Amino acid sequence: MQAATAEEKELAQLIVTALNLEMTAEEIEPEAPLYGEGLGLDSVDILELSLAISKTYGVQIKSDDADNDKIFSSLRSLNQHVQQRRSK
C-alpha cells in the first residue's frame, strides 16, 4: 500500500476537522473505505464533507452524482476527484 501523499494528508485533515472525528488524519488509510465499513461515514457525514470540500477547494460534489460511490470509495479516490477539479 502506498503511503498517503501530502494532498491526501491535507484532505484527511479536512475530513477529521469538518466531521469532528475522534482520530487523527494520519489514522485514515488512503485505500480504506470512507463510507460504511472503514471510516464509517454515513450520508449526513458525506454531505457535510461535500460542503467542506466545496468551501476549501471550490469543488462541487452533488448528492445525486452517479459517481459518488466511486468518488467516496476511499481517501485516495476522493483526493483524485478533488485534485482534478479544484479551483483553489
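## Helix H4 and its cover

In H4, the buried residues are Leu-75, Arg-76, Ser-77, Leu-78, Asn-79, His-81 and Val-82. The cover over these buried residues includes H1, H2 and helix H3, which spans 68-71. Keep in mind that this is a predicted model.

Two residues of H4 turn up again further down. Ser-77 has its C-alpha atom 8.4 Å from that of Pro-30, with the two positions 47 residues apart along the chain. Val-82 pairs up with Tyr-57: they are 25 residues apart in sequence, and their C-alpha atoms are 7.3 Å apart in space.

## The chain as a whole

Zooming out, the protein chain has four helices and zero strands. Read from the N terminus, the order is simply α-α-α-α. The radius of gyration is 12 Å, close to the 12 Å that the globule rule gives for 88 residues, so the chain is as compact as a globular protein of that length. Along the principal axes, the C-alpha atoms fill a box of roughly 25 × 25 × 25 Å.

Of the 88 residues, 38% are buried. If you take the contacts with a separation of 6 or more, 60% of them join residues 24 or more positions apart. The accessible surface is about 5400 Å², and carbon and sulfur atoms hold 48% of that. As for charge, there are 8 positive and 16 negative ones, and the mean positions of the two sets lie 10 Å apart.

## Helix H1

H1 covers residues 6-18. With 13 residues at 1.5 Å a residue, H1 should span 18 Å, and its end C-alpha atoms are indeed 18 Å apart, so the two figures agree.

The buried residues here are Glu-8, Leu-11, Ala-12, Leu-14, Ile-15 and Val-16. They pack against H2 and H4. For a spacing like the one from Leu-11 to Leu-14 or Ile-15, both buried, there is a handy rule of thumb. An α-helix has 3.6 residues a turn, so residues three or four places apart point the same way.

## The loop between H1 and H2

After H1 comes Asn-20, which has a positive phi, near 55°. That is a positive value in a residue other than glycine. Asn-20 belongs to the loop between H1 and H2, and its relative accessible area of 67% is over the 50% cut-off, so Asn-20 counts as exposed.

Ala-25 sits in that loop between H1 and H2 too, but at 9% relative accessibility Ala-25 counts as buried. Which residues does Ala-25 contact, leaving aside its neighbours within four places in sequence? They are Lys-9, Ala-12, Gln-13 and Val-16. Ala-12 and Val-16 are themselves among the buried residues of H1. Ala-25 can also be paired with Glu-10, 15 residues away in sequence, with 8.1 Å between the C-alpha atoms.

Pro-30 is another residue of the loop between H1 and H2. Its relative accessibility is 5%, under the 20% cut-off, so Pro-30 counts as buried. Its partner in space, Ser-77, is one of the buried residues of H4.

## Helix H2

H2 runs over residues 43-57. For its 15 residues, 1.5 Å a residue leads to an expected span of 21 Å, and the end C-alpha atoms are 20 Å apart, which agrees. Its buried residues are Asp-45, Ile-46, Leu-49, Ser-50, Ala-52, Ile-53, Ser-54 and Tyr-57. They pack against H1 and H4.

Ser-50 is worth a closer look. It counts as buried at 10% relative accessibility. Not counting residues up to four places away in sequence, Ser-50 touches Val-59, Ile-61 and Phe-72.

## Tyr-57

Is Tyr-57, in helix H2, buried or exposed? At 1% relative accessibility, Tyr-57 counts as buried.

With neighbours within four places in sequence left aside, Tyr-57 is in contact with Glu-10, Leu-11, Leu-14, Val-82, Arg-86, Ser-87 and Lys-88. Among these partners, Leu-11 and Leu-14 are buried residues of H1, and Val-82 is a buried residue of H4. That fits the packing of the buried residues of H2 against H1 and H4.

Conventions:
Residues numbered from 1 in each chain as written. Predicted model: local features only at pLDDT ≥ 70, side-chain atom pairs only at ≥ 80, totals over all residues. Heavy atoms only, no water. Helix = DSSP H or I, 4+ residues; strand = E, 2+ residues; numbered from the N terminus. Buried < 20%, exposed > 50% of the residue type's maximum accessible area, 1.4 Å probe, protein only. Contact = heavy atoms within 4.5 Å. Rg over C-alpha atoms; globule rule 2.2 N^0.38 Å. Areas by Shrake-Rupley, 256 points an atom, 1.4 Å probe, with all protein chains shown as cover. Lys, Arg positive; Asp, Glu negative; His and termini not counted. Charge placed at Lys NZ, Arg CZ, Asp CG, Glu CD. Expected span 1.5 Å × (residues − 1).
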